[in-house]
Every structure is written in structure tokens, then in C-alpha cells.
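This report describes the fold of one protein chain and a selection of its side-chain environments. The structure under discussion is shown below.

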Amino acid sequence: MCEIGTRPAPAGDRGENPGGAPGLQAAGAAGDKCRDMGEQPIFTTRAHVFQIDPSTKKNWVPASKQAVTVSYFYDSTRNSYRIISVDGAKVIINSTITPNMTFTKTSQKFGQWADSRANTVFGLGFSSEQQLTKFAEKFQEVKEAAKLARDRSQEKIETSSNHSQESGRETPSSTRASSINGTDDEKASHGGSADAHLKSENDKLKIALAQSSSNVKKWETELQTLRESNARLTSALQESAASVEHWKKQFSECKEENDQLRNKIEELEEQCNEINKEKERNAQLNRRLQELESELQDKELELEDLRKQGEIIPQLMTECESVSQKLQAAEKKNRDLEEKVRTLRTDVEESKQRQNSLKTELKNFLDVLDGKIDELHDFRQGLSKLGVDN
């Protein structure tokens with residue numbers, strides 16, 4: 001089996017061929033040496049490589065900083081298959097495929113398999129689901145081929161062992177037949193050749209048995225290693241399941257907390273809407289208050305005008321008294337003159353009528369003034385009440 005990682009792959013080999021399909025040059029110098037040693041690449045793709053964290057057996061650790069070439073190699077001398085990936089001068093995957101391996105798709109673009117010999121779990125992240133599907137199909141195909149090769153090798157070993165045993169059983173009988181039928185020389189010659197043939201067959205049988213025992217020990221070791229790896233993978237799977245349950249529980253708690261926060265946000269938004277409505281109401285009340293204040297100022301100006309008009313009334317009363325005095329003086333002076341008296345009487349009656357009408361008007365004016373004052377008083381009380389309510 002060839003050695004990987006003797007020299008780094010060229011920088012141009014990390015990409016794809018100009019034709020668009022991944023090229024075999026991606027394996028770099030390691031792929032060239034594998035081909036020299038009898039291994040040939042049968043499938044090549046590009047992916048991000050990960051390995052399971054050996055301490056936690058839960059988290060993935062990136063084995064490459066970017067997508068690297070991952071290839072299937074077939075060793076015709078050993079009749080085995082390997083997955084090889086090299087990042088520069090570092091070998092990140094060197095996994096021999098056995099019939100017991102299984103490639104598992106964990107998502108649309110990610111897959112993994114466990115290697116008991118390397119005591120780790122490899123993970124590959126692809127750029128598309130089609131690449132993952134092709135890699136998984138090739139893994140199954142190579143796995144079946146490895147199983148078929150193992151079965152054939154076991155059949156060959158069993159056949160060679162049976163053939164050696166049958167040869168060992170047939171050789172003494174032929175020797176005995178020749179020694180019975182031939183002369184003493186012929187018996188001696190045939191006996192020597194039979195012994196040599198039997199010895200060679202026994203040597204071959206010993207070699208086959210030694211190889212079989214060594215293979216049995218090797219398979220027992222591999223079986224034990226696989227059992228230990230399966231036990232570790234089972235424990236890792238159980239830990240992963242427990243971790244998944246833990247994350248599910250945390251997810252449900254976060255979801256509930258998120259729902260509560262959303263409800264609180266909705267309540268705060270409703271409160272903000274109510275506050276905005278209150279602000280609009282306050283703005284309307286302020287505008288109404290300003291209008292009422294302007295109306296109050298107008299009413300106060302009207303009241304001031306009425307007060308000024310009320311100050312004229314005493315002057316009118318004084319004038320009325322002076323007119324009455326003059327009338328009396330005129331009556332005294334013109335008593336002797338009948339015509340003048342009549343005229344004066346007529347004038348007096350007219351002045352009385354005027355005076356009465358003036359008093360009536362004055363009384364009406366005072367009544368209107370009192371009503372206006374009462375309305376203004378009521379308006380002030382309503383305005384003060386509105387200010388207290390606000």
C-alpha cells in the first residue's frame with residue numbers, strides 16, 4: 001500500500017479541470033505515487049473535510065480550511081479500496097473501506113462514516129446535494145466490491161486448504177500401489193519421489209495453515225477493533241441523542257421566551273397607541289382652551305365698553321334734574337302768562353314723556369347689563385371648572 005503525504009500537491013491541482021469535471025490531478029503527488037504502487041483513482045470530487053472531536057465525540061472539527069479533493073483509490077495488488085484526501089502536505093483522510101462501514105447522510109449536503117482502524121468519524125460537506133448523492137452511491141458500490149473481494153479471498157483460502165489436504169491423503173495410496181506392483185528398484189525410486197512430493201505438499205499445507213492462522217488472528221483483531229469502535233460509536237450516538245434532546249429543550253424554552261417577549265411588545269405597542277391618543281386629546285383640549293381664552297378676552301372688552309356706557313347714566317340723571325329745575329323756574333316765571341304757561345305745560349308734558357321713555361330705556365339697558373354680567377359670571381365659572389377638569 002502506498003505512502004501518502006510525501007510531498008505537497010501543486011497549487012493548481014486544488015481546483016477543477018477546465019472542462020468542468022473534477023480532475024484526477026487534485027490528489028497531487030500523492031495520487032501519482034499511489035498509481036505507481038498499483039492504486040488507481042476510480043472517483044474524485046471536492047468537499048470540506050471534518051473529523052469528530054476525539055475528546056467530546058460530539059462536535060465536528062474542520063480538517064481543511066477549504067474544499068479539497070477527495071478520491072476513491074483501488075489497490076489491484078491487495079484488492080482493496082481506500083478514500084484518500086490530501087491538503088497540501090497533510091494527509092487528512094486515509095480510510096480503507098470495509099464491508100462493515102456505512103455512509104450516512106445527515107443533511108442535504110453533509111455525510112459521514114466511521115473508520116474503526118483510524119478510531120475516528122469522518123464528515124464531508126459538499127456544495128450541492130447531487131455531489132453528496134454521487135459520493136454516497138460510489139461508497140455503497142465500493143463497499144459491495146470490498147465485500148465481494150473478501151468473500152473471494154476466503155473461498156481461495158478454503159479451496160487451497162482442501163486441495164492440500166486431498167493431495168496429502170492421495171499420495172500414500174498411490175505410493176502403496178506402486179510398491180505392490182513394481183520391483184524393488186521401482187519400489188525404492190517410487191518411494192523416494194512419493195516422499196519428496198508428500199514433503200513438498202506438507203510444506204505447502206503448513207504455509208497455507210500458517211497464513212490461515214495469521215489471517216484468522218488478523219480478522220479476530222479487526223473484529224475486536226470493530227466491536228470496540230461500534231461500542232464507542234454507540235456511546236457517541238447516545239450522547240448525541242442526549243445532546244439533541246437538551247438542545248430541543250433549550251429551543252422550546254427559547255421559543256416560549258420569544259412568545260412572551262412578543263406578547264410584551266404587543267402590550268407596549270397598545271400602551272403607546274393609548275398614550276398617543278391621550279396626547280391628541282390633550283392637544284385638542286389645549287386648542288379649545290386657547291379658543292375659550294380668546295373668547296373670554298372678547299367678552300371682557302365688551303364688558304369694559306358696557307361699563308363705560310354705564311358711567312354716562314349719572315350725567316344723564318344730572319341733566320334731567322337740571323331740566324326739571326329750569327322747568328319749575330320757568331313755570332314760576334310764566335305763571336302769569338297763560339299762553340306761555342300752556343306752551344310750557346305742553347313742553348313739560350313732552351319732556352316728561354321723553355323722561356319716561358328715557359327711564360324706560362335706561363331700565364331696559366340696566367336689565368340687559370345685569371343679564372350680560374350674569375352670563376359673564378356663569379362663563380367664568382364654566383371656564384374655571386374646565387381648567388380644573390383638564
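Ile-312 lies in helix H3, which spans residues 184–333. The model is a predicted one. With a relative accessibility of 43%, Ile-312 is classed as partly exposed, because that value falls between the limits of 20% and 50%. Together with Leu-316 and Leu-358, Ile-312 makes a nonpolar surface patch of about 220 Å².

**Overall architecture**

The protein chain contains four helices and eight strands. Read from the N terminus, the order of elements is α-β-β-β-β-β-β-β-β-α-α-α. The chain has 390 residues, of which 26% are counted as buried. Its accessible surface amounts to about 27200 Å², and carbon and sulfur atoms account for 50% of that area. Where contacts join residues at least 6 apart in sequence, 57% of them connect residues at least 24 apart.

**Tyr-72 and its surroundings**

Tyr-72 belongs to strand E3, residues 68–75. The residue has a relative accessible area of 1% and is therefore buried, the cut-off being under 20%. Beyond the neighbours within four places in sequence, the contacts of Tyr-72 include Gln-40, Pro-41, Ile-42 and Phe-43, as well as Arg-82, Ile-83 and Ile-97. Phe-135, Lys-138, Phe-139 and Val-142 are also among the residues in contact with Tyr-72. A polar atom of the Tyr-72 side chain is placed 3.1 Å from the backbone oxygen of Phe-135. Between Tyr-72 and Ile-84, which are 12 residues apart in sequence, the C-alpha to C-alpha separation is 6.5 Å.

**Ser-95 and its polar partners**

Ser-95 is located in strand E5, residues 90–96. Its relative accessibility is 0%, so Ser-95 is counted as buried. Which residues have side chains in polar contact with that of Ser-95? Trp-113 takes part in one such contact, at 3.3 Å, and Asp-115 in another, at 2.8 Å. Setting aside neighbours within four places in sequence, Ser-95 is in contact with Tyr-81, Arg-82, Ile-83, Met-101, Trp-113, Asp-115 and Phe-122. Arg-82 and Ile-83 are thus in contact with Ser-95 and also with Tyr-72.

**Aromatic pairs**

The structure contains 12 aromatic pairs. In one of them, Trp-113 and Phe-139 adopt a tilted arrangement, with 6.0 Å from centre to centre and 50° between the planes. This pair links distant parts of the chain: Trp-113 is in strand E7 (residues 110–115) and Phe-139 in helix H2 (residues 129–181), 26 residues apart. Ring pairs also join Phe-43, Tyr-72, Phe-103, Trp-113, Phe-122, Phe-126, Phe-135 and Phe-139 into a cluster. Two members of this cluster, Phe-135 and Phe-139, are in contact with Tyr-72, while Trp-113 and Phe-122 are in contact with Ser-95.

**Accessibility of selected residues**

The table lists relative accessibility for residues discussed above.

| Residue | Relative accessibility | Class |
|---|---|---|
| Tyr-72 | 1% | buried |
| Ser-95 | 0% | buried |
| Trp-113 | 1% | buried |
| Phe-139 | 1% | buried |
| Ile-312 | 43% | partly exposed |

Both partners of the tilted pair, Trp-113 and Phe-139, are buried. Ile-312, in contrast, is partly exposed and contributes to the nonpolar patch.

Notes: Residues are numbered from 1 along each chain as its sequence is written. This is a predicted model: local features need pLDDT of at least 70, side-chain atom pairs count only at pLDDT 80 or more; totals for chains, interfaces and linings use all residues. Side-chain values use heavy atoms; hydrogens and water are left out. Helices (H or I, at least four residues) and strands (E, at least two) are DSSP runs, numbered from the N terminus. Buried means under 20% relative accessible area, exposed over 50%, partly exposed in between (1.4 Å probe, protein chains only). Contact means heavy atoms within 4.5 Å. A polar contact is a pair of N or O atoms within 3.5 Å; within protein, one must be able to donate a hydrogen and the other to accept it, and residues adjacent in sequence count only if both atoms are side-chain atoms. Patches are made of residues with over 30% relative accessible area and no salt bridge: like charges are joined within 9 Å, nonpolar side chains (Val, Leu, Ile, Met, Phe, Trp, Tyr) within 5 Å. Accessible areas come from the Shrake-Rupley method with a 1.4 Å probe; for residues, only the protein chains shown count as cover. A salt bridge is a side-chain nitrogen of Lys or Arg within 4 Å of a carboxyl oxygen of Asp or Glu. Rings of Phe, Tyr and Trp (its six-membered ring) pair if their centres lie within 6.5 Å; planes under 30 degrees apart count as stacked, over 60 as edge-to-face and the rest as tilted.
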